[in-house]
Amino acid sequence: MNRRTIYIWSLSLVLCALLPLQVSAKTPFTDVNDRYWAKDAIQWASEIGLTSGYPDGTFKPEQSITEAQLVTMLVRFDLNSPHSFLSKKGEHKAMGNYRYLAKYHLPLRGLNSGSARNMALQRSFAAKIFAAYQGKDLYAQEAIYYLYTHNLANGVTGKNDYQDFAPKRNLTRAEAVHIMYQMFLNQGRYIQGLSSPATGRDNAQYAKPPLFIEEDELEFERPVPPSLPGVNPGKPFERVDVDIEKPTLTANGRDETFITFTFKDCNGKLIPYEQEMEFEVTSKEGAAIEVDIPIPQPDKPLISPTPKPEPVPEPEPKPEPTPVDSQKSDEDPDRAFPENGNAVKSAATVAAANPWYRHAISDGPEVTVKVTAPRTTTQTVDVITLTPITKIGSCSLPRATATITYVPRAEIQLDIYDGKYNDLGRTFITATLARPGGAQITNFNGYLKIDSLYHLPFESSFVKFSHGQATTSFITPTTLMKNEIIVTAIANTSVTDSAVQSILEKKFSAPVSYAPPLSADKTCTNQKPEIGFLIDSSGSMKRNDPQRLRVTKTEEFIDTLQADVNIATHFTTSGMFLEKGTPNPVIKSLEKVKQSGGTNIATGLKVAFDKFTTVQPKTLILLTDGKSAKAPILKEVEYAKNHGIKIYTIGLGQNVDTDLLKQIALDTGGKYFSIKENIELPLVYQSILQEINCGIPIESCSLSASIFESPSVKLEHNDIRMNTELLTACGPISKVIVRFSSQDGNLDYELTHRRQGIYMLNKKLYEIQDFLLNPNATFIAYDSAGKEIGQQIVQI
């Protein structure tokens, strides 16, 4: 075949790949004919990427499915997750996916059993997994009845009782995708999951009809653990959702996780975000718990006064306070509120005076706490308990718990910090060898091999250990980047220490991200407005902005713009004024922005508007990650329209009122920006800076080279897998292509938009195996006008 023929053939492939997907009467698998009972479900599973079948072109519909295979399909099925999660070196290839589903407490035996992962999955146990995926904690019999009543499955003969489900028979691949297809048609693909480990809490909701189970059929399930004292055992947690970022932590005194509890009132409705509630937080194992005490507000107490704790017996001697406890001494000294009549000190005063007195203030219905694992050499299961102190009228809130497991592991601990070297910004990495429990290993003779996901320029990629530590560095990136540092310990001599043996040749990693600096065009001569900043200080920012970029990047914005008049305000349940004037004092005032309490955007707008003059052009930037009542906000927006205040709105995360923030911006002549993560904030700020400073309309993305997150092209067996995530701060994306280049020309594939910002495409290797490819591929993004707005090269 000559090159011209190859090019024409390849161009034909491009045209075929770019054509819209047509529904075919046939599946892509040779062993699934048009009359096969699950043909539609299998075709659907292939089209959405649940499965690509086997290399020989078959699906093997009657073959038993293993638990690990089902776990992989469920992760692909869930619209909240990427296509899959990577496993660590030496692990089963599905362990990354297992860890993701463990967060939702699906009853998976393979989490702790290597043999269970590759064993055929019984239909009865699969029923429990499918029910838990949809948020129902059921035993096998109730789970089977749930599948029947929700039209997700049928019995073998149509009798639809327990035995008709063939509970002891293995689930086939066709049956698995058929049930998932029915789940998609009936309730969609988003995972609901469970708030805590499965114990059959929802069994009573699905009482089985008479004769559903024969009298001689017995089924043994794990017993329900005893209820907490003082809690109704029938309905202890039905009005609380629990989201644990990482349910398993390394017991090293430094691994940490966020837990968010979401409460509903006695009518099943979310607590309003403008309302604050007070909770006592405890750890059964004495783990360090970080909560932010209330933010001082001059006009009123933040919450109902909290009684002082009753005297307690003299405690036994305890270890030195944890770093979290010691942070209390760094809080502002003026946090105490004046007593009002007979009211006693507020929770803020009590918390400041007693570090052990752990009280958390909610952001409306949500309470977020950060838990740091203790140092221990024994695996421990901890229970984090929230006990409500506040009532919602006459409605008493339930006590809520979350379970975390602390596992001692030998590991390489990574500390990453910024510094300077030869007047250049550098990032330093120190790797420390640690035994289970966190004690440092000091007698290791070997070196550290260091790498990254996207080729960081390390000063040295091989560093010798000295007393158990190795340090290297790289020039700090000045563009937006999300990366991962990967390290491995390699011994120079034979090793007999079992802890060291468990570390050797194993990969350890830590994520890193970099926000680009802001800049202003000094040649622009636009009049600078009187500019205000209204920053969300609610409790949810603890999890959504842990690095406090909303503070540091606002400081940088003010310093870069150098406007004559700057206004700093923030809000929780009340709006609070910080400072007005030239850049320096306003920048300094932003240190007072915290993260504690509810969300009342309207009061924040009112406070900010009251500080504007009537002379200069006026601009306000509103940054929030939450929701708030619409009517009072629109009243303040009307005021802004009448007084010529332009408002830019920025919504951080998934829990914002997008339509309302868009309306605020549209009604006042501003613009709305949606960002999924705080690292995207510099993209938005740079665009706003450009318009304010130079009068240039905001581009779709001012830093287009940074819009791709984790792009990759991988060759796996006979497949080519292409995927990337796009940063939403860059505006609407019309299409994304991957371009393969060679001596014969370019071959482009358009990726499929799977869900929010996620683009994927799988192709068979034979489609390009005759194309003389370069070792790199290029991701290119286009806006609705066909304009290229981003490009990034990756290695295949």
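In the predicted model, D719 stands opposite K764 of strand 28. This pairing belongs to an antiparallel ladder in which strand 24 (residues 719–726) and strand 28 are joined over 7 bridges. Strand 28 is largely enclosed by the rest of the structure, because 5 of its 7 residues are buried. D719 is also placed relative to E767, a residue of the loop between strand 28 (758–764) and strand 29 (773–782). The two residues, E767 and D719, are separated by 48 residues in sequence, while their C-alpha atoms are 9.6 Å apart in space. The relative accessible area of E767 is 13%. Since buried means under 20% relative accessible area, E767 is therefore assigned to the buried class.

For the chain as a whole, 18 helices and 30 strands were assigned. Of its 796 residues, 51% count as buried. Contacts between residues at least 6 apart in sequence were also examined, and 72% of these join residues at least 24 apart.

Strand pairing was examined further in two other regions. Strands of a sheet pair through backbone hydrogen bonds, in either the parallel or the antiparallel sense. An open sheet is formed by 4 strands in the order 13-12-15-16, with antiparallel pairing. Its edges are strand 13 (462–464) and strand 16 (508–514), each of which pairs on one side only. From one strand to the next, the twist averages 25°. Within this sheet, strand 15 (residues 481–491) and strand 16 are connected by 7 bridges in the antiparallel sense. N483 is found opposite V512 of strand 16.

A parallel arrangement is present between strand 21 (residues 645–652) and strand 22 (residues 672–675), which pair over 4 bridges. The connection from strand 21 to strand 22 passes through helix 17 (residues 658–668), giving a right-handed β-α-β crossover. At the level of single residues, T649 has Y672 of strand 22 as its bridge partner. A charge-over-ring arrangement involves K671 and F673: K671 lies over the face of F673, at 5.9 Å from the ring centre.

Among the helices, helix 3 (residues 67–77) is mostly covered, with 10 of its 11 residues buried. The buried set comprises E67, A68, L70, V71, T72, M73, L74, V75, R76 and F77. These buried residues pack against several other helices, namely helix 2 (39–47), helix 4 (95–102), helix 5 (114–117), helix 6 (123–133) and helix 8 (173–187). F77, one of the buried residues of helix 3, is also a member of an aromatic cluster that includes W44, Y133, Y181 and F184.

Aromatic contacts were then counted over the model, and the total comes to 20 aromatic pairs. One of them is formed by Y100 and Y104 in an edge-to-face geometry, with 5.5 Å from centre to centre and 65° between the planes. Both Y100 and Y104 are buried. A cation placed over a ring is found at R123, whose charged end sits over the ring of F165 at 4.1 Å from its centre.

Backbone torsions were considered last. Most residues other than glycine have a negative phi. Two residues with positive values are described here. R548, which is not a glycine, has phi near 60°. R548 is placed in the loop between helix 12 (541–544) and helix 13 (549–561). With a relative accessible area of 21%, R548 is partly exposed. Q562, likewise not a glycine, has a positive phi of about 55°. The position of Q562 is in the loop between helix 13 and strand 18 (566–571). Q562 also counts as partly exposed, because its relative accessibility is 41%.

Note on methods: Residues numbered from 1 in each chain as written. Predicted model: local features only at pLDDT ≥ 70, side-chain atom pairs only at ≥ 80, totals over all residues. Heavy atoms only, no water. Pairing = 2+ DSSP bridges. Right-handed = clockwise from strand over helix to strand, strands pointing away. Axes fitted to C-alpha atoms, helices over the stretch in contact; angles between N-to-C directions. Phe/Tyr/Trp six-rings, centres within 6.5 Å; stacked < 30°, edge-to-face > 60°. Buried < 20%, exposed > 50% of the residue type's maximum accessible area, 1.4 Å probe, protein only. Lys NZ or Arg CZ within 6 Å of the ring centre and 35° of its normal. Contact = heavy atoms within 4.5 Å.
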